[in-house]
Each structure stands twice: as C-alpha cells, then as structure tokens.
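Colleague: I'm new to reading protein models, and the vocabulary puzzles me. Could you take me through some of the terms?

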Amino acid sequence: MRKNLPVTDTQYHMEDGKPIVSKTDLKGKITYVNPYFIEVSGFSKEELIGAPHNLVRHPDMPPEAFEDLWKSIRAGQPWTGMVKNRRKNGDFYWVVANVTPVMENGRASGYMSVRTKPSRAQIEEADRIYRSIVAGNPDRIVIREGQVVRTGLTGLFSASNDLPVSARITFGLLMICASYLGMGILGFAMSSGRAACGFAGVAAFGVASVSLMGYFLHRSVINPLRGAIRAARAIAGGDLTSTFETHHGGDMGQLLRALQQMNVNLLAIVGDVRTNVDAVHIATKEIAAGNMDFSTRTESQASSLEETASSMEEFSSSAKLNADHAQRANELVEFASAVAVKGGQAVSRVGATMGGISASAKKIADIIGLIDSIAFQTNILALNAAVEAARAGEQGCGFAVVASEVRSLAQGSAAAAKEIKGLIDDSVARVELGNRLVGDAEHTMTEIVESVQRVAGIMHEIALASREQSRGIDQVNRAIGSVGEVTQQNAALVEQTVAVASSLEEQAMQLSQAVSVFKLDNVRVQPRLKNHPGAR
C-alpha cells in the first residue's frame with residue numbers, strides 16, 4: 001500500500017457546506033476535481049488530474065477500509081465512511097466520504113466521491129476505531145460498505161438487524177413452512193386413518209399457502225423493491241437513461257413512480273443545465289478568444305506607441321537642437337548685420353575721405369598751374385631782361401648773367417611744375433577711380449547690409465518657428481505619453497478581462513465536467529403504466 005510521507009500533527013478543518021468532489025476511473029486515476037478539492041488538498045489541478053487517487057491517502061488509514069471500498073464499488077454498491085486524508089504539506093483532514101459508482105450499461109465505469117465535513121464526535125470515533133485496526137484489531141472489527149461491524153455473537157446479532165427484506169421474508173416463510181411441516185408430521189405420527197390424512201393435508205395446504213404467499217410477496221414487494229434499489233443506485237450514479245417498470249400498485253408502485261418521476265425531472269433539469277452550460281462554455285471561449293486577440297492588438301498598439309514616443313523624443317531633441325542652432329545663427333546674423341552696417345559706414349567715411357583727397361588734389365593742380373604760369377612769366381621776364389642786357393652792352397653783362405640764371409630757374413621750375421602737374425593729374429585720376437570704386441563698394445555694402453538684414457529677419461522668424469515647433473513637439477510628446485499610459489492601462493484592463501474570461505471559461509468547463517457525471521445521451525424516459533388499482 002502506498003505510504004505518503006512526511007506527515008504532520010496539524011489538522012486542516014473543512015468549511016461547513018462546502019463539499020469536496022472528484023471522479024476517478026476504475027483504476028483509481030483522477031479524472032475530475034472541483035476547486036475546493038484543490039484548495040483543501042494543497043495540490044494543483046495538474047498534479048491531481050491523471051494521478052492515482054491514493055495521492056491523498058494518509059498512512060494512518062487501515063488498508064481494510066480501502067479494500068472494502070473497492071469491493072463495494074466493483075459490486076456496484078455505494079460506499080459511505082470516514083476517511084483521513086493527507087494534504088500536500090503533510091497536514092491531515094477528515095471527511096465523510098460518499099462514494100457512488102458511475103454506471104454504464106449496468107456496469108461500473110468509475111466512481112464519484114463527495115466528501116463532507118464530519119462532526120467532532122465522528123472524527124474521534126473513527127480515529128479510535130482505525131487506530132485499533134492498525135494496532136492488530138483486538139476488538140475484532142471489520143468494515144463493510146464503509147460501516148464498522150463487530151464479529152462474534154455481538155456482530156452476528158447486529159448483522160441480523162441488517163438483513164435485507166427478502167432474506168427476512170424468506171426466513172419467516174421458511175419458519176412458517178417448518179411449523180406446518182412439523183405439526184403435520186407430528187399429527188400424522190400420533191394419529192391414524194382419516195386424522196392422520198387430515199394432518200397431512202393441513203400441512204400440505206399450509207406449505208402451499210406459504211409458498212403462494214412467498215410468491216406474491218416476492219412479486220409485489222421484493223421484486224419492486226429490488227427494482228427501486230437498482231433505479232436509485234442508477235440515479236445516484238448519474239445514469240438518467242435507465243428505464244424501469246412502474247406498473248406495480250400499492251406502496252411499491254408509488255415508490256417506483258416517485259423514482260421514475262424524479263428520474264424524469266432530473267433528466268429534464270440536468271439536460272437544460274447541460275445545454276446552457278455548453279452554450280456558456282462556447283460563449284466564454286469566444287469571449288476569451290476575442291479578449292486574447294484584443295489583448296494582442298492592444299499590446300501591439302502599446303509597443304507602437306512606445307516606439308512612437310521614443311521617436312518623438314528623438315525628434316523633440318532634434319527640434320530643440322535646431323531651435324538652439326537657429327537662435328545661434330540668428331545671433332550670428334544679427335552680429336554680421338551690425339558688422340556690415342559698420343562696414344558700410346566705414347566705406348562711406350572712406351568715400352568722403354577720398355572726395356576730400358580729390359578736392360585737395362584739384363587745389364594742388366590749380367597751385368601747380370599757378371606756379372607753371374609764374375615760371376612761364378618769369379621766363380618771359382628773364383628773356384626780356386636778357387634782351388635789354390644785350391642792348392646795354394658791357395654795362396648789362398652782369399644783369400644778363402642774372403637774367404640767364406633766372407631764366408634757367410624759371411625753366412627748371414616750369415619743368416618741375418609740369419612733372420608735378422602730371423603726377424598730380426595721375427593722382428587725381430587715380431583718386432577719381434578710387435572714389436568711383438568706393439562709391440561702388442558703398443553701394444555694394446548697402447546691398448549687403450540690406451541682404452544681411454533680410455537674412456536676419458528670416459533667421460529670426462526661423463528661430464521663432466523652431467521654438468514654436470519645439471513647444472508643439474513637446475505637447476505632442478506629452479500627448480503621446482498620455483495616450484501610452486492610457487493604452488497601458490487599457491492593456492492591463494484587457495489582461496484582467498482575459499483573466500476573468502479564462503476563469504469563467506475554466507469554471508464553465510468545471511461545471512460542464514461536474515454535470516457530465518449525469519449520463520443523458522438522447523434517451524428520454526417514458527413511464528410505462530398499466531391499468532391497475534394503484535394507478536387510478
């Protein structure tokens with residue numbers, strides 16, 4: 001026998017009104033458990049389904065109890081008794097186990113066990129009896145159909161009270177027959193002639209009457225009672241497709257018809273429940289599938305929003321950087337505009353200076369012209385003086401020499417004035433050319449200043465637009481972040497909905513499995529009544 005260890009001395013107390021339900025096949029493999037079984041046992045559903053039912057067996061339970069359990073089930077009879085089970089962590093709990101065979105085609109295909117919370121007195125009594133059996137059974141106790149039965153004379157007397165009705169009737173009729181036979185034999189032996197024949201006839205009549213009475217009792221009481229027991233066991237085993245005769249009259253007929261009506265009512269109710277459960281199961285499965293699809297799409301949307309938010313953050317950083325660069329370029333353009341204005345002003349001053357130089361050069365040219373004119377006149381005067389000196393003869397020789405020197409100086413001055421005038425004319429021409437170039441430069445600088453100012457205005461507008469764009473992107477980024485948070489909250493809500501739908505689907509499946517213990521198929525029980533007094 002399997003011995004599950006370790007065990008503790010801690011008792012787990014079941015809740016009132018909450019049963020433990022499970023179904024197993026004939027090999028003891030668990031095929032269904034209700035949620036409370038999972039809670040009390042401490043095992044998961046995956047650990048229980050397909051596992052042997054003795055997974056929860058406690059080492060303190062005597063093997064005789066389970067031998068009696070399997071013997072009753074194989075015989076197609078229910079079993080009710082106290083059982084001590086072990087939880088996964090080693091703790092123990094007591095239950096009142098009600099085990100019913102699940103019948104198919106008149107044979108047990110498995111069994112359903114419904115366990116309820118026992119009273120304190122039941123626990124103490126069962127613990128004492130099971131300890132006695134494990135200790136060697138000094139009280140000579142046996143377990144039959146889950147109940148404790150004593151052996152010996154006490155057990156025999158107790159067993160006589162538990163005899164079936166058929167055995168009691170048969171035993172009583174046999175006693176009456178034996179009495180008739182005894183009286184007939186005794187009377188036949190003590191009498192002679194007609195008296196002896198009379199005793200023999202009375203004995204024969206008594207035996208025949210008792211036999212006829214036994215036949216009618218079996219037909220009207222025992223057979224209907226056995227049919228009622230079979231019907232009750234079939235219903236208890238969840239088989240609502242079985243049919244049985246209900247044409248008997250009297251109390252047995254009423255009992256059979258009541259069972260038949262109960263079978264029909266259960267068949268209708270369970271059929272409706274199963275139909276609704278199947279519909280709920282399909283609906284919950286569709287809801288779960290739809291929620292799962294919605295959850296997948298929501299998670300995908302949340303992921304896309306996260307990527308969009310990340311891209312928007314990068315775009316926002318780029319926009320802020322562009323705004324900073326635009327602001328810096330605007331500052332540089334403003335600085336260049338100021339420099340260009342200063343350059344234009346400097347060019348204007350250079351132009352004015354060049355004009356002054358040109359005017360001065362013209363004045364110098366005029367002065368040089370005056371010097372040239374003086375030199376020419378001096379040369380004429382020197383020439384005239386030389387002519388007069390020549391006329392004077394020897395008295396005018398000295399003056400002639402002076403006149404010659406003055407003439408030479410005048411000619412030198414005229415030649416120098418002429419060279420200076422050429423240089424001055426060339427300088428004036430160059431100054432005029434420079435003046436024109438300065439004018440052109442001033443005009444160009446004016447255009448540059450105007451262009452730079454226009455660029456400055458455009459860059460200022462770009463800077464303002466960049467700042468506005470950066471603020472707008474920040475708002476969009478915050479909006480995307482808010483949408484992302486809402487999407488994540490929706491995703492969490494969808495996950496909760498999926499969990500609820502999955503739980504509902506699992507509960508519908510468990511309910512379907514729980515209802516599946518009732519065998520319905522397409523069979524509908526039709527009462528078959530015959531005309532008899534009890535049917536009126």
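Modeller: Happily! Let's begin with exposure: a residue is buried under 20% relative accessible area, exposed over 50%, and partly exposed in between, using a 1.4 Å probe and protein chains only. This is a predicted model, in which local features need pLDDT of at least 70, side-chain atom pairs count only at pLDDT 80 or more, and totals for chains, interfaces and linings use all residues. Residues are numbered from 1 along each chain as its sequence is written, and side-chain values use heavy atoms, with hydrogens and water left out.

Colleague: Why is D127 called partly exposed?

Modeller: Its relative accessibility is 22%. Partly exposed runs between 20% and 50%, so D127 belongs there.

Colleague: And what makes R131 exposed?

Modeller: R131 has a relative accessible area of 52%. The cut-off is over 50%, so R131 counts as exposed.

Colleague: How do you know that R131 and D127 meet in a salt bridge?

Modeller: A salt bridge is a side-chain nitrogen of Lys or Arg within 4 Å of a carboxyl oxygen of Asp or Glu. For R131 and D127 the N to O distance is 3.0 Å, so the pair meets the rule. Both lie in helix α4, 4 residues apart, which is about one helical turn. Helices here are DSSP runs of H or I with at least four residues, strands are runs of E with at least two, and both are numbered from the N terminus.

Colleague: Why can such side chains pair at all?

Modeller: Opposite charges can pair when the charged atoms come close.

Colleague: What makes E47 and K88 a salt bridge?

Modeller: Their closest N and O atoms are 2.9 Å apart, so they too fall within 4 Å. E47 sits in helix α2 and K88 in the loop between β3 and β4, so this pair ties together parts 41 residues apart in sequence. E47 is partly exposed at 34%, and K88 is partly exposed at 41%.

Colleague: How many salt bridges does this rule give?

Modeller: The count comes to 7.

Colleague: Why is S72 called buried?

Modeller: S72 has a relative accessible area of 3%. That is under 20%, so S72 is buried. It lies in helix α3, residues 63–74.

Colleague: Which residues does S72 touch?

Modeller: Leaving aside residues up to four places away in sequence, S72 touches Q77, P78, W79 and E145. Touching here is a contact, meaning heavy atoms within 4.5 Å.
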